[in-house]
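Thanks for sharing this one. Here are a few notes to read alongside the coordinates, in no strict order.

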Amino acid sequence: MKARIFATVAVAALLGAAPVTTFSAPAKPTAAAPYATPFRSAEVMTLAEKVANYQLATMAGGSIPAKASPDTPNKTGWVQGALFVGLTEMADHSANPIYKETILARGAANNWQLGPMPYHADDHVIGQSYLWASRNGAGPEAIAPLKARFDSILAFPPQVGLEHREYSDPRGVDCDQRWCWSDALFMAPAAWLGLSKVTGDAKYADYATKEFIATTDYLYDKDEHLYYRDSRFFERRGPDGEKVFWSRGDGWVFAGLARMIPLLPQGDPGRVRMETVFKEMAASLKTIQKPDGYWSPSLLSDPSKSLPESSGTGFFTYGFAWGIKAGLLDQKAYEPTVRKGWTALVRSVHSNGKLGWVQPVSDRPESVSYDDTQFYGVGAFLLAATAVADLDLKPGKDLTIQREVATVQAVLNVQDGGRLVNSVLAGGTFRPRLEYVVPADHFIHDGLIAFEGLGWESDLVAYRLYLDERMAIDVFGKKTPGPVLQTIGQGLDNYHDMAPWGMDIFKVGDTVGIGGIGVLRGGKATQLGKSVISVKVLESGSGHAVSQVTNTGFDGAASKLVTTLDIRQGSALTHVKAKATGTTAQMVTGLIKHPGVTVLKGEAGAGGWAYIASWGKQSLAEDDLGIAVFYRPGSVAGGPQDDGGTVFVTFKDPAAIDYAFGIAWTQDQQGVKTLDGFKSWLTVRQAELAKN
């Protein structure tokens, strides 16, 4: 009866007539929680059905996951198409009729049509479920539009190359009529090969094989045995100088190979090439699996700084399990990889069946959280589960090693090499520096330093200090707890646009921003000005990040300012201590006064910390943001001042500067949504400073 209820709800949803279903909030994982990993086939399928049924029920209720892309509701698109590929395996492995009924109902509701873009691989993936449906009750009509689409492509084959332009290019990426990005090798080829299998006409398989080889020759790195997501990433490097290979991008390929290979005859040259690539990828992926069983979102990045991610891990685990069953991979050598990957995936499942740790839609490694889920991630999980179920492994000990990810860090990434093009340095490799002297010829916006300066972050917020004459402090709002600074601002992203992790949410203008140190000139708080700047990262990654910045010559040759910036796990505050010598200038700090904000001034609490703060729509995301500077009243002269553009305090002794600053954004994890909530936040932060 339960199965029939789920089937009725799911089918009704697909036809657009389902009630909204409410689910309780998932429990957060804890470090001490015991996990019993199912390995026997029946146990694996029980969990797979729990995840699949949760997903179908939420879809029936009309639910779209948070951080979903605008095309997620598209019933012929890739987001849901990837889920339906997983559902075909569930239909083959489970006695529950819901999966078959859902596939048939969706196809009928779609009139068996593909997506509207004739050549685009993303609009072909739903055809894989139509091919399954044609063999399981729907008949030839289920693939008639698919055949017509592919016949049209063969009649008018694409004439573009494989070089991928930026998505922001007004001309479009140009190459998307072909498989010029790694994801496409999951979306389209199996549909082409499957059509040959069903019709007996080799022309579809011939096209798929030819295009697969062309894409592989172009995107496959023969040294790392991994695929670049697309040509834009050929020269991009990560914070440690590593090549950038996106986990889910390579996951699409690895899983796509597992779906392509069986559709070609043994000994077929195309199949031989695919098997060779598959085995090479497997050998490479095995060595870079993290101790916790996941693969890093950026495959070659430092595993101690990378978060769990379940969509790439799902596709990889599926490929490894399938490869063992197919006889392409030695079971003794690769079974531990499967066990660790499956254990990690089991840990991603919430108590109600929701799959977490799925990186939202992107084209590169991004931040991700335990609460993040997407339809395609569930598709990957179902593929992995059914392939693991096929192995029917014996129960065994947990082979994974759980390690805490460093969510608190200080980051200074500087570009090595490159050349100036239109006054921007490009083509070099960004590398992390623990010590650095900013060159005298550095100028604002020249691209030398990632996000233009030094960055530091906790799990709650990230800040940056411009390493130029501004010396102002800016804010990156974070919606997820994972580290992000090591990945952004290197020329291929725009952190002013909202991303799954957040964005640059602050405008500093010609002020000190929030908590920057400046100079009082003509009664106004001004930026520090030109100086020789040197930076040291003193501590990073241990729940505590400390950096030191030295400015010399900002007020005559003898002037020197040494500033230490300290942030801790679980805190949105940066504690600042600074010492200025050899200067007669009056040193200030404060916060920019944006139009229309509510300015707040708080007296010293029991711990001796007063504050200046503001609340209002001063976020670049066009929502509410609270900013604050905390200071000891005895250390400043005359109390807070307002010069019209900045609310600031002036330090009595420039050699003994001691203050803190912090922010609360309505989209971050702190839960502050209103002015009253921000006032309470300020009181709690005063107590936090007093305690520390």
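**Notes on the model**

1. Let me begin with the strands around the largest cavity. β13 (514-521), β16 (544-552) and β17 (560-568) each contribute at least two residues to its lining. Please keep in mind throughout that this is a predicted model.

2. On the cavity itself, the count comes to 1 cavity of 30 Å³ or more. The largest cavity holds about 90 Å³ of space. Its lining is made up of Leu465, Met471, Ile473, Gly515, Gly516, Ile517, Val549, Asn551, Leu561, Thr563, Leu565 and Tyr659. What is the character of that lining, in terms of nonpolar, polar and charged residues? There are 8 nonpolar and 4 polar residues, with no charged ones.

3. β13 turns up again in an open sheet of 5 strands, ordered β14-β13-β19-β24-β23, with antiparallel pairing. The edges are taken by β14 (524-526) and β23 (641-642); each has a single partner strand, so one side of each lacks a neighbour in the sheet. If you would like to look at one pairing in detail, β13 and β14 run antiparallel to each other and are joined over 3 bridges. Within that pairing, Leu520 sits opposite Ala525 of β14.

4. Next, a pair of residues worth displaying together. Arg470 lies in the loop between β10 (461-466) and β11 (473-478), while Glu452 belongs to the loop between β8 and β9. The side chains of Arg470 and Glu452 make a polar contact at 3.0 Å. Are these two residues buried or exposed? Arg470 has a relative accessible area of 11%, under the 20% cut-off, so Arg470 is buried. Glu452 also counts as buried, at 15% relative accessibility. For orientation, Glu452 and Gln409 are 43 residues apart along the chain, and their C-alpha atoms are separated by 17 Å.

5. The loop between β8 (435-437) and β9 (453-457) also contains His445. His445 is not a glycine, yet its phi is positive, near 70°. At 52% relative accessibility, His445 counts as exposed.

6. A second backbone angle to check is that of Asn422, in the loop between β5 (419-421) and β6 (424-426). Asn422 is another residue that is not a glycine, and its phi is positive at about 55°. Its relative accessible area is 74%, and Asn422 is therefore exposed. As background for both of these points, most residues other than glycine have a negative phi.

7. Turning to the helices, I looked at the length of α12 (residues 310-326). With 17 residues at 1.5 Å a residue, α12 should span 24 Å, and this agrees with the 24 Å between its end C-alpha atoms. Helix α12 is mostly covered, with 15 of its 17 residues buried. Just after α12 comes Gly327, which has a positive phi of about 85°.

8. The same check works for α9 (residues 203-219): its 17 residues should span 24 Å at 1.5 Å a residue, and the end C-alpha atoms are indeed 24 Å apart. Which residues of α9 are buried? They are Tyr204, Ala205, Tyr207, Ala208, Thr209, Glu211, Phe212, Thr215, Thr216 and Leu219. When you view that list on the helix, it may help to recall that an α-helix has 3.6 residues a turn, so residues three or four places apart point the same way.

Methods. Residues numbered from 1 in each chain as written. Predicted model: local features only at pLDDT ≥ 70, side-chain atom pairs only at ≥ 80, totals over all residues. Heavy atoms only, no water. 1 Å grid on protein atoms, 1.4 Å probe; cavity = no way out; pocket = protein on both sides within 12 Å on 5 of 7 lines; lining within 4 Å. Points joined across faces, edges and corners; volume = space filled by probe spheres on them. Helix = DSSP H or I, 4+ residues; strand = E, 2+ residues; numbered from the N terminus. Nonpolar A, V, L, I, M, F, W, Y, C, P; charged D, E, K, R; others polar. Pairing = 2+ DSSP bridges. Expected span 1.5 Å × (residues − 1). Buried < 20%, exposed > 50% of the residue type's maximum accessible area, 1.4 Å probe, protein only. Polar contact = N/O pair within 3.5 Å; in protein donor to acceptor, adjacent residues only side chain to side chain.
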